[in-house]
Amino acid sequence: MLAKRIIPCLDVKNGMTVKGVNFVNIREVGDAVELGAEYARQGADELVFLDITASHEGRKTFVDLVKRIALNLNIPFTVGGGISDISDIEALLSAGADKVSINSAAIRNPNLIDQMAKNFGSQFVVVAIDAREENNTWTAYVNGGRIPTEKELFTWAKEAEARGAGEILFTSMNHDGTKNGFACNALAKLSESLSIPVIASGGAGNMEHFEEVFTKGKADAGLAASIFHYKEITVPQLKNYLNEKGINVRF
Amino acid sequence: MNIAIIKYNAGNIMSVDYALQRLGIQAEVTSDKDKILSADKVIFPGVGEASTTMNFLRAENLDKLIESLKQPVLGICLGMQLMCSHSEEGNTPCLGIFDEKVKLFNPKPGEENITKVPHMGWNALHSLKSKLFDGLCGGDYVYFVHSFYAAVGSHTNAICDYILPFSAALKKNNFYATQFHPEKSGPVGARILQNFIEKC
């Protein structure tokens, strides 16, 4: 039986991992390669590395970092953050990334999804969506959650799937950083309307939240950052807990 | 020992080289026919689309070369599918090393958790045969990413269940193949790669 995936997310700036709460107040927490390898040893199923460096020099550093990650990591990993064109994507793939996640660039130029799927296969393409719920409508945001767009979460996710996305990574901006649990209702609706896997992000605070995201939220994978980085929950602890609750996880 | 990793127009080829490096094994990523023919072991990895890749292999005469190899060969993911007789992906005849046919997963609507295609993530192996799985006893989780599958047939050496039981590994004579990615499958995958290098 296919296991539910636990995915620690590492925000990377200049080779170091950081975590922002509600997209602000950034602080450093550790070396990206070391932290990634440690999560793999602990039994993480996959990792996401998001580049939050804005500068051109920083971007070059990130490609070098991706190569070091690929050499040292024995589980799949996704990279994302500020990716805008096919040449960026090619550089990251040849550095050894298994998947590339695109967010703002996909909203600005949806054809990028088709292009990526055609050139590299759908399994490479993760479409990340940051969305906020206001007045019962989920609106997708770009630029790290700063600018609202015309896109509505569910229709945009459906379009991304039709264009060739292999997975949807949905972050609820209402829940991100709150540690009050994932956006389970929206996640369940999303998961039921799509035939590609859904990664849930935003709101993980305790182990019960993960149980909930896999049962009530029908997510295929649960992603979190700070609770793992600050060792509030360890991956083995979480997997033991989920296993006891009858959720299929990999050991 | 000379290990050749076949370089062609598919993705993720370097990942296999990196995984071997982590095991302290030196391999060469090459499309040089003499180097491939003279290698002690050959790995045929790959992620991509079947018909496009088959056309490329034919244009480069790599199809004939792969079929003719006498040393142990390990196909991975698309590599395995291309070693089958036919793929529904682009409706293409393949290398025909294995009789098995490659089909698109047909999800059953309404059944929870088994409706998603691609089959992506960690799933368990069972019915293990061949030296590739020495030291494993079934129930081991490995990483899969694929929308097409090879049916269970006479060459099946490991089974995985997703929507239906399918071939997670095939073997015929000197040809070994896995649908999953041993290079991305943690310690279990490392063991499988090491078994291929040391025991097959």
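Start the tour inside the structure, which holds 1 cavity of 30 Å³ or more. Keep in mind as you click around that this is a predicted model.

**Stop 1: the cavity**

Select A:Leu2, A:Pro197 and A:Asp220, then add B:Lys116 and B:Tyr162 from the other chain letter. These are the residues nearest the centre of the largest cavity, and they belong to a lining of 10 residues. The space they surround has a volume of about 50 Å³. Now try colouring the lining by residue type. What do you find there: how many nonpolar, polar and charged residues? The lining divides into 5 nonpolar, 2 polar and 3 charged residues.

**Stop 2: the fold of chain A**

Next, select chain A and switch to a cartoon view. You can follow 10 helices and 12 strands along chain A. Its radius of gyration is 17 Å, close to the 18 Å that the globule rule gives for 251 residues, so chain A is as compact as a globular protein of that length. Turn the C-alpha trace along its principal axes, and chain A spans about 45 × 40 × 35 Å.

**Stop 3: contacts in chain A**

Stay with chain A and display its contacts. Take those between residues at least 6 apart in sequence: 66% of them join residues at least 24 apart.

**Stop 4: inside and surface**

Finally, colour chain A by accessibility. What share of its 251 residues is buried? Buried residues make up 61% of chain A. Then turn on the surface: chain A exposes about 9900 Å², and carbon and sulfur atoms supply 47% of that area.

Definitions and conventions
Residues are numbered from 1 along each chain as its sequence is written. Chains are lettered from A and ligands numbered from 1 in the order in which they are written. This is a predicted model: local features need pLDDT of at least 70, side-chain atom pairs count only at pLDDT 80 or more; totals for chains, interfaces and linings use all residues. Side-chain values use heavy atoms; hydrogens and water are left out. On a 1 Å grid over the protein atoms alone, a cavity is a set of points where a 1.4 Å probe fits but cannot get out, and a pocket is an open set with protein on both sides within 12 Å along at least five of seven lines; lining residues have an atom within 4 Å of a point. Grid points are joined across faces, edges and corners, and a volume is the space filled by probe spheres set on the points. Ala, Val, Leu, Ile, Met, Phe, Trp, Tyr, Cys and Pro count as nonpolar, Asp, Glu, Lys and Arg as charged, and the others, Gly among them, as polar. Helices (H or I, at least four residues) and strands (E, at least two) are DSSP runs, numbered from the N terminus. The radius of gyration is taken over C-alpha atoms; the globule rule is 2.2 Å times the number of residues to the power 0.38. Buried means under 20% relative accessible area, exposed over 50%, partly exposed in between (1.4 Å probe, protein chains only). Contact means heavy atoms within 4.5 Å. Accessible areas come from the Shrake-Rupley method with a 1.4 Å probe; for residues, only the protein chains shown count as cover.
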